[in-house]
Amino acid sequence: MEENATRPGDETEPKTGEALELPNGTEAEANESGIDPAAEAGEIAIASEGAAEEPPSAGKAQPLNGEGSRAFTMREILNELKEEEKGAGGKETSGSNGRDAMGNSTAASSSHSQDGLQQHYLGQNDVALDLINNVTGVDEEGRNRQRILAFAAKRYASAIERNPEDHDAFYNWALVLQESADNVDPDSSSPSKDALLEEACKKYEEATQLCPTLHDAYYNWAIAISDRAKMRGRTKEAEELWKQATKNYEKAVQLNWNSPQALNNWGLALQELSAIVPVREKQTIVRAAISKFRAAIQLQFDFHRAIYNLGTVLYGLAEDTLRSGRPAKEVSPNELYSQSAIYIAAAHALKPNYSVYRSALRLVRSMLPLPYLKVGYLTAPPAKNPIAPHKDWERSQFVLNYEGLQQVTKGDKQLSPSPRLQGSAHNDKSLVKVDVPDIVSVSACADLTLPPGAALCIDTIHGSIYLVADTWDSLDGWLDAIRLVYTIFARGKSDVLAGIITGRGHC
């Protein structure tokens, strides 16, 4: 995903009731726009970010393994093929068990040679090879790349002819088809990008049938399906494709749970789906998207794309809630806007040079409880006594900024305009205060010594601090906000966050 500047006039903050639009979750991958330049006058749009790493690219198969990348990359495949092509030179190996110029065994024909299954794959091979051979890159680099991809396709076709149960060959061939789709001129109809992606999907399906635990294949298959869905707009056919994509992301995550990229893409697919389904189904799907983005962040606290995407989906939920007049699970539109702004501000703090984040921040910054990042209520025990009787715990206001979390001075009816955690509140030893540098971990907790409800524990170098949120949704918001502030501090970006909430150095 790349970025570009906003269109003129989009720097103003939205007015209550103003028509705002959240484009589908991966539009930004195609046109790098934070504020949709095609939106009608008076409308403001926030686009979501894809999962590709820098430099971002639209529509490409994203590598994946347990740590987020395949055991090999397409670049490595291409380099290997270049070397093989150089070394081929028409040489023939000797011996019945040698290897030919393609690297395939030259042993006597196997039992598959006359098998009907092999003939079935031969027919499929012809279709896929014809598509690949008809692709011509739009420039010299693209043409060279496509020549190597065609070479790779022949290699994998040969492997499958010899062994129709070679799931690796199917998977690699699918990757070649997916890469070839990226090489197709947008105006080309023969072959079309969609036809190549459709063939890639067939190869991924074959690979997963042969090896049901191949999580890489499910992940990249979902990306190919998503690319096909994008071509179809908001149609019934697109809806079915988005549903298929979400199922494949789900399978990829089931097989490899430690993948924030897959969770983020799953959330984006759900976000796209929510824009097509009937209104009665939308909020359930949006809630599911929120859970995927949040799960991605919990796996990788500095995953700025998922952080930003969570902000955009909450912004869209706030818009829908405002239009319908019905609170989303009793959460007001203003609260949803504020939550959205927290994630967008955090994404910008982590990647201040991303203009798409900067553009969105201009839109939502005033929705923050400035000069704080978050303001809300938590139930706290008396200071220095976390196991006090439940009756002694009190619900009071807390503020969070780039320095830490602070319980508001008892009796204060209005928050101090100072963004620093100082003054009487800072010196009042009876109040809870957590400095960001002192934090060790933040987590939800369940303990019989705590009052009933959604509890959280902040482990610090001075000991543990226990607090109880009003609701489970509120707990999620507090956990994310505190973790994000600490992550920003750990990445050395606290000054950027300080600039956002104080207005100093704000872009």
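What follows is a short look at the overall make-up of a predicted model, two of its helix pairs and a couple of local details.

A few ground rules come with this predicted model: residues are numbered from 1 along each chain as its sequence is written, and side-chain values use heavy atoms, with hydrogens and water left out. Local features need pLDDT of at least 70 and side-chain atom pairs count only at pLDDT 80 or more, while totals for chains, interfaces and linings use all residues.

The chain holds 16 helices and 9 strands, taken as DSSP runs numbered from the N terminus (helices are H or I, at least four residues; strands are E, at least two). Of its 507 residues, 52% are buried, meaning under 20% relative accessible area with a 1.4 Å probe, protein chains only. Accessible surface adds up to about 22900 Å², and carbon and sulfur atoms account for 49% of that; the areas come from the Shrake-Rupley method with a 1.4 Å probe. Looking at contacts (heavy atoms within 4.5 Å) between residues at least 6 apart in sequence, 66% link residues at least 24 apart.

On to helix packing. Helix 8 (residues 236-255) and helix 9 (residues 260-274) have axes 9 Å apart and an angle of about 160 degrees. Axes here are lines fitted to C-alpha atoms over the stretch in contact, and angles run from 0 to 180 degrees between N-to-C directions. Helix 8 and helix 9 are therefore roughly antiparallel, a label for angles over 145 degrees. Their crossing is left-handed, that is, the near helix is turned anticlockwise from the far one by less than a right angle. Among the residues making the contact are W242 and Y249 of helix 8, along with W266 and L270 of helix 9. The full set splits into 9 nonpolar, 2 polar and 4 charged, where Ala, Val, Leu, Ile, Met, Phe, Trp, Tyr, Cys and Pro count as nonpolar, Asp, Glu, Lys and Arg as charged, and the others, Gly among them, as polar.

Helix 5 (residues 167-183) and helix 7 (residues 215-230) cross at roughly 25 degrees, their axes coming within 11 Å. That makes helix 5 roughly parallel to helix 7 (angles under 35 degrees). This crossing, too, is left-handed. Y171, L175 and Q178 of helix 5 meet D216, A217, N220, I223 and A224 of helix 7, giving 5 nonpolar, 2 polar and 1 charged.

Two local details round things off. A150 sits in helix 4 (residues 140-162) and counts as buried at 12% relative accessibility. Between L370 and P371 the peptide bond is cis, with omega near 10 degrees, and P371 belongs to the loop between helix 13 (355-364) and strand 3 (374-380).

Notes. Angles under 35 degrees count as roughly parallel, over 145 as roughly antiparallel, 65 to 115 as roughly perpendicular and the rest as oblique. Buried means under 20% relative accessible area, exposed over 50%, partly exposed in between (1.4 Å probe, protein chains only).
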